[in-house]
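The exercises below are meant for a reader who is meeting this structure for the first time. Please look at the sequence and the model, try each task, and then read the worked solution.

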Amino acid sequence: MSKTHSTKDALAKALEGAQSQTLAVRAGQSRTNEDEHSEALFLTSSYVFKDCADAQARFSGDVEGSVYSRYTNPTVRNFELRLAAMEGAEDCIATSSGMGAIMSMCLAHLSAGDHIVCSSDVFGSTVVLLNNFFAKFGVEISYVKLTDLNGWRDAIRPNTKLFFIETPSNPLNEIGDIRALSTIAKDNSVLFAVDNCFCSPALQLPLSLGADIIIHSATKYIDGQGRCLGGAVVGNAEHIEPVRNVVRAGGPSMSPFNAWVFLKGLETLHLRMKAHSDSALAIAHWLESQAQIEAVFYAGLESHPGHTLAKTQQSHFGGVLSFRVKGDQTAAWRFIEATQVISLTANLGDAKSTIVHPATTTHSRLSPEARATAGITDNLIRVAVGLEALDDLLIDLQRGIDTL
Ligand SMILES: Cc1ncc(COP(=O)(O)O)c(C=O)c1O
């Protein structure tokens, strides 16, 4: 008996109600007439029209069909549909990087005179983007500590349009209460965007907790092997369509090649995130038991102030942890430089574990006062735990401990 291939519509129907692990492998794919099993890579900037009338109809939007890859590309669309399905969203627009996603979302949803309340614990480039560029166009910005719910309430002004957070935060793993912040945002007709880069949809679904918009740096766990830059804005159609218009007009579109890499990354995302999380938790416990370590910051530890909240909104605790060595910056640098397997690089979300000194790299653009307020001390080290054998990572970290 022969098995007929699923059509695009039959596959979409069969996936209704499917679990995220299945969506990660199957959602969004449309096979071409070649019947390829793996997703096709449409490495093309433009598309050929049948005749002039077809060109006119496709340009006007009267007929569906690609025109130019800054507007649409089938591989990029495949990635968008898969990520939207995993996040439980109606739509997604892919971008050239995570920062491209944040910039496009802000361009779409903010105007001169609007006010944004942003967590003080967000990625450094997000602060630079808001302070150096959006402020120049008349957007007002306030920063509030991620965990200070009263501070978020108090920061609201009549012109507040957007709340923006990252949870867990980088590098101290502070946990923002997505449900509580969404209630404050909704009560005040404010849009609420969550950067879900550290958890990915495998561990946390911000829309189901009340967020309106999700931001991704696909560069991190979605790729998972440190190869490509990319980003995405995910949410319901009313919030994504304006962002799509910005990307089409402004051009921070995702490359089809990168979209293909990310599609393959999504297929293994659940397995990887569980493995990253299991090793990170074991390393966090091990570090906590070392006499030379002053403090460990990982939401999977019961000692972490965000532990109970993290358990209610994340299925695992993720791959990033940080710790303070007993000593100063010199001691932290000595520790980092003693590791041989773990790479000294600022990226995270890679199969290869990475180690970095936040005060002199990722957070070096903050003033000393701002670093102190954020808890980025000179003896703090961040590790993004990869997929190597746990025992080998512990041996490598012991090399660092031995220098203290
Ligand atoms: C939480 C978070 N959001 C956004 C970004 C920016 O992403 P990209 O480097 O892909 O532009 C990063 C990068 O490290 C990040 O850690």
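**Exercise 1. Find the loop in which Pro168 is placed, and work out what is unusual in the backbone there.**

Step 1. Pro168 has its place in the loop between β4 (160-166) and α8 (178-187), and the model in which this loop is examined is a predicted one.

Step 2. Turning to the peptide bonds, one finds that Thr167 and Pro168 are joined by a cis bond, with omega about 0°. The bond that leads from Asn170 to Pro171 is also cis, and its omega is near 0°; Pro171, too, belongs to the loop between β4 and α8.

Step 3. The loop between β4 and α8 also holds Asn173, whose phi is near 60°, a positive value in a residue other than glycine.

**Exercise 2. Compare the surroundings of Asn173 and Asp35: which is buried and which is exposed?**

Step 1. Begin with the backbone of Asp35, where phi is near 60°, again a positive value in a residue that is not glycine; this residue is found in the loop between α2 and α3 (52-60).

Step 2. Next, consider the C-beta atoms within 10 Å. Asp35 has 7 others, and because a residue with 12 or fewer counts as exposed, Asp35 is exposed.

Step 3. Asn173 has 29 others within 10 Å, and because 20 or more are needed for a residue to count as buried, Asn173 is buried.

**Exercise 3. Describe the position of Val122 and name its contacts away from its neighbours in sequence.**

Step 1. Val122 lies in the loop that runs between β2 (115-119) and α6, and it is buried, with 21 other C-beta atoms within 10 Å.

Step 2. When neighbours within four places in sequence are left aside, Val122 is in contact with Val127, Phe164, Glu166 and Asp195.

Step 3. Pro171 is 49 residues from Val122 along the chain, and the C-alpha atoms of the two are separated by 9.6 Å.

**Exercise 4. Establish which side of helix α9 is buried and what it packs against.**

Step 1. Helix α9 covers residues 237-250, and its 14 residues reach 19 Å from the first C-alpha to the last, close to the 20 Å expected at 1.5 Å a residue.

Step 2. The buried residues of α9 are His239, Ile240, Val243, Arg244, Val246 and Val247. They lie on the same side of α9 because they cover an arc of only 160° around the axis.

Step 3. The partners of these buried residues are β1 (91-95), α5 (98-109), β6 (213-217) and β7 (231-235). On the face turned away from the buried side, α9 carries the exposed residues Ala237, Glu238 and Ala249.

Step 4. Just after α9 comes Gly251, which takes a positive phi of about 95°.

**Exercise 5. Set out how the two domains meet, and then examine the shell of the ligand.**

Step 1. The domain assignment gives domain 1 (17-267) and domain 2 (270-401), whose centres, taken over C-alpha atoms, are separated by 27 Å.

Step 2. Across the boundary, 28 residues of domain 1 are in contact with 32 residues of domain 2. On the side of domain 1 that touches domain 2, the elements giving two or more residues are α2 (20-26) and α6 (124-134), and α2 gives the most, with 3 residues.

Step 3. By class, this side of domain 1 has 13 nonpolar, 11 polar and 4 charged residues.

Step 4. The ligand is surrounded by 13 residues, of which the closest are Ser97, Gly98, Met99, Ser217 and Thr219; the shell has 4 nonpolar, 7 polar and 2 charged residues.

How values were computed
Residues numbered from 1 in each chain as written. Predicted model: local features only at pLDDT ≥ 70, side-chain atom pairs only at ≥ 80, totals over all residues. Near = placed C-beta within 6 Å. Nonpolar A, V, L, I, M, F, W, Y, C, P; charged D, E, K, R; others polar. Helix = DSSP H or I, 4+ residues; strand = E, 2+ residues; numbered from the N terminus. Expected span 1.5 Å × (residues − 1). Arc of directions from axis to C-beta. Contact = placed C-beta atoms within 7 Å. Domains from an automatic or database assignment.
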